[in-house]
Amino acid sequence: MDHDHHHAKSDIPAGADTAKDPVCGMTVEIGPETRHAAFQDEKFHFCSEGCQTRFKADPWFYASGRAAGQKKAAPTDAQYTCPMHPEIVRDEPGDCPICGMALEPMLPSDEPSEELTDFTRRMWISSVAAVPLIILAMGEMVALPVRDWIGHQTASYLEFVLATPIVLWAAWPFFKRGWESVLNRSPNMWTLISLGVAAAYLYSLVATFLPGVFPEQYRTGEAVGNYFEAAVVIVTLVFVGQVLELRARERTGDAIRALLDLAPKTARRILPDGTEYDAPLENIMEGDRLRVRPGEAVPVDGMVIDGRSSLDESMLTGESMPVEKEPGDAVTGATINHNGSLVIEAGKVGADTVLAQIVAMVSNARRSRAPIQGMADRVSAIFVPTVVAVAIIAFIVWLIFGPEPALVFAIASAVSVLIIACPCALGLATPISITTAAGRGAQAGVLIKDAEALERMAGVDTLIVDKTGTLTMGKPKLTDTVVLGDLAESDLLSLAAALERGSEHPLAEAIVEGAEAQGVARQDATTLRPSPARACAARSAGVPWHLAMAR
């Protein structure tokens, strides 16, 4: 529900006047401030403003009691899944227990990504801190010896001030995911990132405030070198990667949203008494009679019960030529009605429509896993423990065989391994490429069943298509004019254009455009009868003419 119900039967005093909310079915107490609306001389009461608004949008639907069997217009259950591990499905947002990535909605919504907004803010703040830190740490390499100007110890204090909010605040999501990976016994890149950043920061903290514990080899005067800039730069680069990834996923979701937008938001319902009105699409049910006017999209799957017209079904078949429809023919939701008015009976609605199934298939393809992704997972599972093991071995070797103070050398060596081994992109390339390809394909009208099919396409060297015009520009064009009688070609084309000038049929438009492109003389014609989809009769210069289109 899109509103909060704040009434319950137990809250209503005994003997109070009550009514049933026709939208949500709750019992409400009737009082001076109770929301209400009238329909067909009957007064209805509501528990909230949300219910009242929905009732006013379609009063007949709720007043007739048909809302009890309502189906949603599309599968919009609020479930969340991991883009890298689609087997993880949750009823609320959170992090993946395997890889630590934030779960995303199974179907994109119009709401902005909170994670993208948050990570973008953290990325920019980290970048602002990273620039002066790099200058302080490496300025002398580009003729900016800032450390020499202000003193090494002062520079270390300044680096501490710049790095601390980045490590303790900006990088907090990384530490959270790293800790969860340890608890879930599923080491991943967040394990290494959090270990590397924490080790670099803690090492630098000791080097800044307790430089005396380090041997002479580590010192520049009285100061000891630190890794503050390394910690902040790692955090910044990881945020850059995360923001780019989230934006890619956001753009991929746009393709699915575009598919959902193909269906109209309302449908013109015809009541038993002949009254017509625009009802919200989610309130349309099987058996409803709907009118589809010229130029409108068919709201749901159904069957024509009255009227004749031609429908553009290119969104479904790729065929640019419209398909003629008459009583008894099936129609598909989101196809476009060209030139006639149709009355259809709703058949499949909500999640059962062809469009909803296409959306579901594209969404499932985005979340499917390619066989090669298993390799990335296996590498990740081996790489992280290996890096940690190497760091431990380095620590032990330096502790046993290193010069004094061996402990300091051992810690520095282990920290260096952890910092260098942060795999910011490990395991991301494959799922992001699948997500982007599935979404981009949907925008271009190519539906990908699953990630395995996408991977196998890399080995395809021959493409076979049928003859229905799938690989066309989507709009017919006049290419040749063949005269079989004594009429001149220019006269024939001029006359055909005159007869077809008032038609909305794509072939008629092609004839008119072709005649204008060739510069033939313009003629006028008077229509003798309304033009059906493939024929018209008109009079030009007093002579009756008939033009028919053959398939």
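This report describes the overall make-up, one β-sheet and one nonpolar surface patch of a predicted model.

The chain has 551 residues, 43% of which count as buried. Its secondary structure consists of 16 helices and 21 strands. Where contacts link residues at least 6 apart in sequence, 62% of them join residues at least 24 apart. Carbon and sulfur atoms account for 59% of the accessible surface, which totals about 29200 Å².

Six strands form an open sheet with antiparallel pairing, in the order β11-β10-β12-β18-β13-β16. Its edges are β11 (276-280) and β16 (330-331), each of which pairs on one side only. Within the sheet, β13 (residues 302-306) and β18 (residues 342-346) run antiparallel and are joined by four bridges. One bridge partner can be named: G302 is matched with A346 in β18.

On the surface, a nonpolar patch of about 1000 Å² is built from V131, I134, I135, M138, M141, V142, L144, W149, I150, L158 and V161. Three helices each supply at least two residues of this patch, as tabulated below.

| Helix | Residue range | Supply to the patch |
|---|---|---|
| α3 | residues 114-138 | at least two residues |
| α4 | residues 146-150 | at least two residues |
| α5 | residues 152-170 | at least two residues |

The largest share, four residues, comes from α3. The patch also includes V142, a residue of the loop between α3 and α4. Is V142 buried or exposed? V142 has a relative accessible area of 60%; because the cut-off for exposed is over 50%, V142 counts as exposed.

Methods. Residues are numbered from 1 along each chain as its sequence is written. This is a predicted model: local features need pLDDT of at least 70, side-chain atom pairs count only at pLDDT 80 or more; totals for chains, interfaces and linings use all residues. Side-chain values use heavy atoms; hydrogens and water are left out. Buried means under 20% relative accessible area, exposed over 50%, partly exposed in between (1.4 Å probe, protein chains only). Contact means heavy atoms within 4.5 Å. Accessible areas come from the Shrake-Rupley method with a 1.4 Å probe; for residues, only the protein chains shown count as cover. Two strands pair if DSSP finds at least two bridges between them. Patches are made of residues with over 30% relative accessible area and no salt bridge: like charges are joined within 9 Å, nonpolar side chains (Val, Leu, Ile, Met, Phe, Trp, Tyr) within 5 Å. A salt bridge is a side-chain nitrogen of Lys or Arg within 4 Å of a carboxyl oxygen of Asp or Glu.
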